[in-house]
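Reader: I'd like to go through some labels on this model and hear the reasoning behind each one. Could you show it to me?

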Amino acid sequence: MKPHLVIPRAFHLVGRDHRSGTRVYRFIVDRFLLLPLGALLALVWANTAAESYFRFSNAMAFPVNEIAMTLFLALLAQDVLEGVMPGGALHRWRHWSLPLVAAAGGIVGSVGVYFAYVTLGHETVLRGAWPIACVIDIAAGYYVLKTIARRSSMLPFLVLLAAATDAFGLLVAAVWPRFVERSPASPLLVIAALGLALLFKRCGVRAFWPYLTICGPLSWAGLYWAGIHPALALVPLVPFLPHEPRRKEVFAEPAADDAVHRTEREWHEMVQLVLFFFGLVNAGEVLRGYDTGTWAVLTAGLVGRPAGILLATALAVAVGLRLPRDIGWREVIVVALATTSGFTFALFFATGLLPLGAVLTQIKVGALLTTSGALVTLGLARCLRVGRFG
């Protein structure tokens with residue numbers, strides 16, 4: 001056999017393996033699968049070697065939850081802002097008011113069911129965990145609907161509904177009391193961060209890193225010393241960042257065709273790694289800590305929120321608001337079920353708002369169990385013949 005005949009085939013095999021690995025990597029990153037992979041690893045670790053897992057989790061909780069998660073919340077705000085700004089995928093949708101009404105209904109429904117459950121169970125100590133019951137894992141719901149109907153008004157409907165719901169949750173987190181020593185200089189740091197961001201914007205700075213590395217730490221320190229969850233530090237800076245209207249799907253990675261898009265693409269991939277560690281640090285619970293709080297969160301997500309969304313939507317339509325042309329009541333039911341998972345945001349709020357103890361354990365297990373709503377949504381979409389099942 002001649003050597004020069006063997007070498008090209010070897011390179012061909014290596015290239016094929018490389019392309020296959022790249023496809024697997026893109027599949028995982030594009031669907032936010034690093035987060036559930038981290039959560040699954042955490043659950044296995046916590047239930048097989050609990051002592052070493054909780055030692056790791058306690059050591060990593062602050063850098064992951066208080067610092068690294070600033071990137072995820074900022075990316076979420078950036079994607080939604082680019083979607084609703086003039087020229088964005090969500091800006092021209094003339095039924096934008098309907099998902100906002102649906103969001104209000106979902107909040108009332110989930111919180112109402114949560115309070116009813118813990119009250120009937122005589123567990124008044126659990127009432128303070130109500131914000132965890134109302135939030136939505138926007139990425140999980142988005143990709144479930146994308147699997148069902150890739151191009152439909154159901155996607156922007158869900159994005160606006162979930163974004164409004166989580167914005168309410170972030171507002172609650174911002175004013176929720178945190179037991180840290182407050183500094184009178186903290187507002188000045190936040191003002192300085194916003195002032196520098198405005199200056200960068202006026203000077204035409206198109207790179208993201210000056211905003212993130214100079215304004216970000218100032219805002220983070222200001223919020224932390226003000227007793228506000230510091231992971232929100234980059235959210236008020238998002239309006240000053242370089243933007244381009246997101247004319248395609250929200251949360252889809254932009255094409256790397258200019259400096260802004262290349263940076264956003266890198267940002268998306270960095271956030272995936274952050275979410276992997278977030279799941280690894282926060283999702284590990286010994287699966288015997290479930291109790292009333294677990295079932296209250298699960299019932300609120302799987303029953304209260306969809307029921308509230310459907311009732312609010314029906315009332316809004318009755319008074320004159322209209323559904324998009326390609327959405328009927330079957331599609332609205334599927335959208336409502338797609339909001340059942342609280343996963344990422346529920347874990348974020350639980351670890352940020354509740355102290356360590358039995359209540360936190362119950363609530364976190366309930367937040368993890370809400371991911372079962374994805375299977376319920378897919379099954380219902382098949383039964384109702386919605387989207388790809390039609």
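Author: Here are a few labels and the values behind them; keep in mind that the model is predicted.

Reader: What makes Y53 and F54 an edge-to-face pair?

Author: Their ring centres are 5.2 Å apart, and pairing needs centres within 6.5 Å. The planes meet at 75°, and over 60 degrees counts as edge-to-face. The structure holds 14 aromatic pairs, and ring pairs also link Y53 and F54 with W45 and F56 into a cluster.

Reader: And why is Y53 called buried?

Author: Its relative accessibility is 0%, and buried means under 20%. F54 comes in at 27%, so it falls between the 20% and 50% cut-offs and is partly exposed.

Reader: Why are W220 and Y224 called stacked?

Author: Their planes are at 5° with the centres 5.1 Å apart. Stacked requires under 30 degrees, so the label fits. W220 and Y224 sit four residues apart in helix α9, separated by about one helical turn. Y224 is partly exposed, at 25%.

Reader: How do you know that R305 has no salt bridge?

Author: The nearest side chain of opposite charge, D166, is 7.5 Å away, whereas a salt bridge needs the atoms within 4 Å. So R305, in helix α11, is buried without such a partner.

Reader: What does the side chain of R305 reach, then?

Author: The backbone oxygen of C134, at 3.3 Å, which is a polar contact because the cut-off is 3.5 Å. Beyond its sequence neighbours, R305 is also in contact with residues including G106, S110, I136 and T339.

Conventions
Residues are numbered from 1 along each chain as its sequence is written. This is a predicted model: local features need pLDDT of at least 70, side-chain atom pairs count only at pLDDT 80 or more; totals for chains, interfaces and linings use all residues. Side-chain values use heavy atoms; hydrogens and water are left out. Helices (H or I, at least four residues) and strands (E, at least two) are DSSP runs, numbered from the N terminus. Buried means under 20% relative accessible area, exposed over 50%, partly exposed in between (1.4 Å probe, protein chains only). Lys and Arg count as positive and Asp and Glu as negative; His and the chain ends are not counted. A polar contact is a pair of N or O atoms within 3.5 Å; within protein, one must be able to donate a hydrogen and the other to accept it, and residues adjacent in sequence count only if both atoms are side-chain atoms. Contact means heavy atoms within 4.5 Å. Rings of Phe, Tyr and Trp (its six-membered ring) pair if their centres lie within 6.5 Å; planes under 30 degrees apart count as stacked, over 60 as edge-to-face and the rest as tilted. Lists of a residue's contacts leave out its neighbours within four places in sequence.
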